[in-house]
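Dear colleague,

Please find below the structure that I am handing over to you. My findings follow it, and I would be grateful if you read them with the structure open.

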Amino acid sequence: MTTNKVLPQITARKQVAKSRLFSIEQVDLTFTNGEKREYERMSGKGRGAVMIVPMLDQHTMLLVREYCGGTHTYELGFPKGLIDAGESAAEAANRELREEVGYGAKKLTSLHTVAMAPAFFDAKMTIFLAENLYAEKLLGDEPEALELVPWPLADYQQLMQEQDFNEARSIAALLLVKDHLGGVL
């Protein structure tokens, strides 16, 4: 589906905050109907991120439980990380998989690229299915070892009932994999 909507005109921009991970920008806009608004938006580093759904075998996914600073909780989800300078999304996916799970993948399938809070954040994440895994561990940047949790894909509905499995990106990844591998269930 396409749209013929004309984007509002940016009349002014200024950085209002900056951290190691992102910056916050104030953007003054004029819409085609003459309405003026001031928006704030976060800008990431621009290379994007990846999330990987590793399949230990035809029926078993691997998840990780890790500390999440935003909620100050341990959450269950799929391995993920930023794309480093000079890396493709697939290279980043295989690196993050080796760092966080201790496996590499002989087969990576890109399932979808999702936007993360596009109303105020310009970040995108590519979701991969990783198959034909082989043992290979790389040193990552996690402050502690991640708990590895095997889960039967057929029990995906039970996974969605788990209190610590609630990140929207992980739920989207699970449903994409379920649809992609539908015949395996």
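In this predicted model, helix α1 covers residues 89–100. At 1.5 Å a residue, its twelve residues should span 16 Å, and the C-alpha atoms at its two ends are indeed 16 Å apart, so expectation and model agree.

Is helix α1 enclosed or open? Nine of its twelve residues are buried, so the helix is largely enclosed by the rest of the structure. A residue counts as buried when its relative accessible area is under 20%. The buried residues of α1 are Ala 92, Ala 93, Asn 94, Arg 95, Glu 96, Leu 97, Arg 98, Glu 99 and Glu 100. Please note that charged side chains such as Arg 95 and Glu 96 appear in this list.

Which strands do these buried residues pack against? They pack against β4 (49–54), β5 (60–68), β7 (80–82), β8 (103–115) and β9 (124–135). After the helix comes Gly 102, which has a positive phi, near 85°.

One residue of strand β4 deserves a closer look, namely Val 50. Val 50 has a relative accessible area of 0%, which means that it is buried. Leaving aside neighbours within four places in sequence, Val 50 touches several residues of the helix, including Ala 89, Ala 92, Ala 93 and Glu 96. Its other contacts are with Pro 79, Lys 80, Gly 81, Ile 83, Met 125, Thr 126 and Phe 128. Thr 71 makes a useful reference point: it lies 21 residues from Val 50 in sequence, and the C-alpha atoms of the two are 21 Å apart in space.

Turning to the chain as a whole, its secondary structure consists of three helices and ten strands. Along the sequence, these elements follow the pattern β-β-β-β-β-β-β-α-β-β-β-α-α. The C-alpha atoms fill a box of roughly 55 × 40 × 35 Å along the principal axes.

Of the 185 residues in the chain, 38% count as buried. Among contacts with a separation of 6 or more, 56% join residues 24 or more positions apart. The accessible surface amounts to about 11200 Å², and carbon and sulfur atoms account for 52% of this. Finally, the chain carries 20 positive and 26 negative side chains, and the centres of these two sets are 8 Å apart.

Yours sincerely,
A colleague

Technical notes. Residues are numbered from 1 along each chain as its sequence is written. This is a predicted model: local features need pLDDT of at least 70, side-chain atom pairs count only at pLDDT 80 or more; totals for chains, interfaces and linings use all residues. Side-chain values use heavy atoms; hydrogens and water are left out. Helices (H or I, at least four residues) and strands (E, at least two) are DSSP runs, numbered from the N terminus. The expected span of a helix is 1.5 Å times one less than its number of residues. Buried means under 20% relative accessible area, exposed over 50%, partly exposed in between (1.4 Å probe, protein chains only). Contact means heavy atoms within 4.5 Å. Accessible areas come from the Shrake-Rupley method with a 1.4 Å probe; for residues, only the protein chains shown count as cover. The place of a charge is taken as NZ of Lys, CZ of Arg, CG of Asp or CD of Glu.
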